[in-house]
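Work through the exercises below with the model open. Each task is followed by a solution in steps.

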Amino acid sequence: MNVQEYMIELGENARDAARLVAKADTNLKNQALLAMADAIDSSRPALREANAKDLENGRNNGLDDAMLDRLELTDARIDTMIEGLRQVASLPDPVGAINDLKFLPSGIQVGKMRVPLGVIGIIYESRPNVTVEAASLCLKSGNATILRGGSEAINSNQAVAECIQQGLKEAGLPENAVQVVGTTDREAVGQMITMPEYVDVIVPRGGKGLIERISRDAKVTVIKHLDGICHVYIDSEADKGKAVNVALNAKTHRYGTCNTMETLLVNADIAKDVLPELAERYQAVGVELRGCERTRELLPYANQATEEDWATEYLAPILSIKLVDGMDEAIRHINRYGSHHTDSIITENYTKSRAFLREVDSSSVMVNASTRFADGFEYGLGAEIGISTDKIHARGPVGLDGLTSEKYVVLGDGHIRQ
């Protein structure tokens, strides 16, 4: 069987399973999730053995330390996988919920019901725990899924898949509701993203190159974000203490995440009060500063920022800083150079904060809070499948609701249109 035939078989299996999972009741899905957790717990030796093979292969193939760290399944990470499954089981089931039901003058009732998307294809790299996260969220939201992990984690992902399918079997749900692609051939990705008859949505989780390729070549709807060029704007009416704490946390809490601040915008009227202290705090933890001309007048040791800096996601201890003459200029900068991910204003002015919320075109917009909060867990979603900066369907962290859609439902009692 060649790769194309293999992927079509997975697609047919997933489509058949999706019909059964879509109508499964909440208790049945929760039983499967809890059985998966138990299977993973009892399969720790097998998981570690499979992961050891991937780690050895990774070292032999020259994977860097950061990639090896993401690949490793420690006892603590296995514990987190188990806890994640149990948490998703405890979340409310969105499927079948009817919202906005109302009577209309004709006498009918009209509302919107949440329904699964169908078959979700997820393409990701390195981390075997994503296999569990993706499977649990797709199952709880009534979807079947095809998971294509990175070749570097093939043994780990297959071992995890056995636990997932054991849980599905114990609950009486189709084992094909979650399928992990068993080939490392890159053609499998090309096939998955061009099978709209079998796959309804693709979610890529990985580097910019992977996501750009999938967005360009896919014939299936893609939920994705490319960059995380996030901003914090310190307004002239900001509280200095809040400004320093938020701007420091937004940059230094973690450097390699998509919700980390990459550009700091500071109102020129308050710059002398906050920038020197902030710069000192950044330098103390080794952050390189790159500033505009006016920034460098206050911080002469900062490197000169270029046009490219404003449009760069560093994912590193580097920060670009720009002084602006007001909120309007800050918003123009964000909407021009940002990636529509997450942006925050620090201000005590209610009117400005509401204007910022309305006018900044991003999937998450914040007032007096760190951009690092843009995360499914922090938003109370329990978990997330990824972050979407698209404007259709899901936007922002994508949890259970984001893996469903809505359809109109009409309730009548023999009503006819006059």
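**Exercise 1. Strand E2 and its partners**

Task: Find how many bridges join E2 to strand E17, and which way the two strands run.

Solution. This is a predicted model. Start at strand E17, residues 404–411. Eight bridges join E17 to E2, and the two run antiparallel. Now pick one pair: Gly111 has Val409 in E17 as its bridge partner.

Next, turn to strand E1, residues 98–103. Four bridges tie E1 to E2, again in an antiparallel arrangement. Here Asn99 stands opposite Lys112 of E2. Five residues lie between the strands in the hairpin of E1 and E2. In that hairpin, Gly107 takes a positive phi near 100°.

Last, check burial. E2 spans residues 109–116 and is mostly covered. Of its eight residues, six are buried, with under 20% relative accessible area as the cut-off.

**Exercise 2. The seven-stranded sheet**

Task: Give the strand order of the open sheet of seven strands, then name its edge strands.

Solution. Read across the sheet: E11-E10-E12-E9-E8-E13-E14. The pairing is parallel. The edges are E11 (303–304) and E14 (364–367), since each is listed as pairing on one side only.

Zoom in on the E11 edge. Strand E10 covers residues 288–291. Two bridges join E10 to E11, and these strands run parallel. In one pairing, Arg290 has Asn303 of E11 as its bridge partner.

**Exercise 3. The nonpolar cores**

Task: Which residues of the largest nonpolar core touch the most other members?

Solution. The core has 73 residues. Ile40, Ile122, Leu168, Val199 and Ile202 touch the most other members.

Take Leu168 and set aside its neighbours within four places in sequence. Its remaining contacts are Ala32, Met36, Leu139, Leu173, Pro174, Glu175, Ala177 and Val178. Apart from the largest core lies another, of 31 residues. Its members include Leu248, Cys292, Trp310 and Leu323.

**Exercise 4. The cavity**

Task: How many cavities of 30 Å³ or more does the structure hold, and what lines the largest cavity?

Solution. Count: there is one cavity of 30 Å³ or more. The volume of the largest cavity is about 50 Å³.

List the lining: Arg148, Gly149, Gly150, Ser151, Ile154, Asn157, Val180, Val181, Thr183 and Thr184. Sort by class: three residues are nonpolar, six polar and one charged. Glycine counts as polar in this sorting.

Note on methods: Residues numbered from 1 in each chain as written. Predicted model: local features only at pLDDT ≥ 70, side-chain atom pairs only at ≥ 80, totals over all residues. Heavy atoms only, no water. 1 Å grid on protein atoms, 1.4 Å probe; cavity = no way out; pocket = protein on both sides within 12 Å on 5 of 7 lines; lining within 4 Å. Points joined across faces, edges and corners; volume = space filled by probe spheres on them. Core = buried A, V, L, I, M, F, W, Y, C linked by side-chain atoms within 4.5 Å. Buried < 20%, exposed > 50% of the residue type's maximum accessible area, 1.4 Å probe, protein only. Contact = heavy atoms within 4.5 Å. Pairing = 2+ DSSP bridges.
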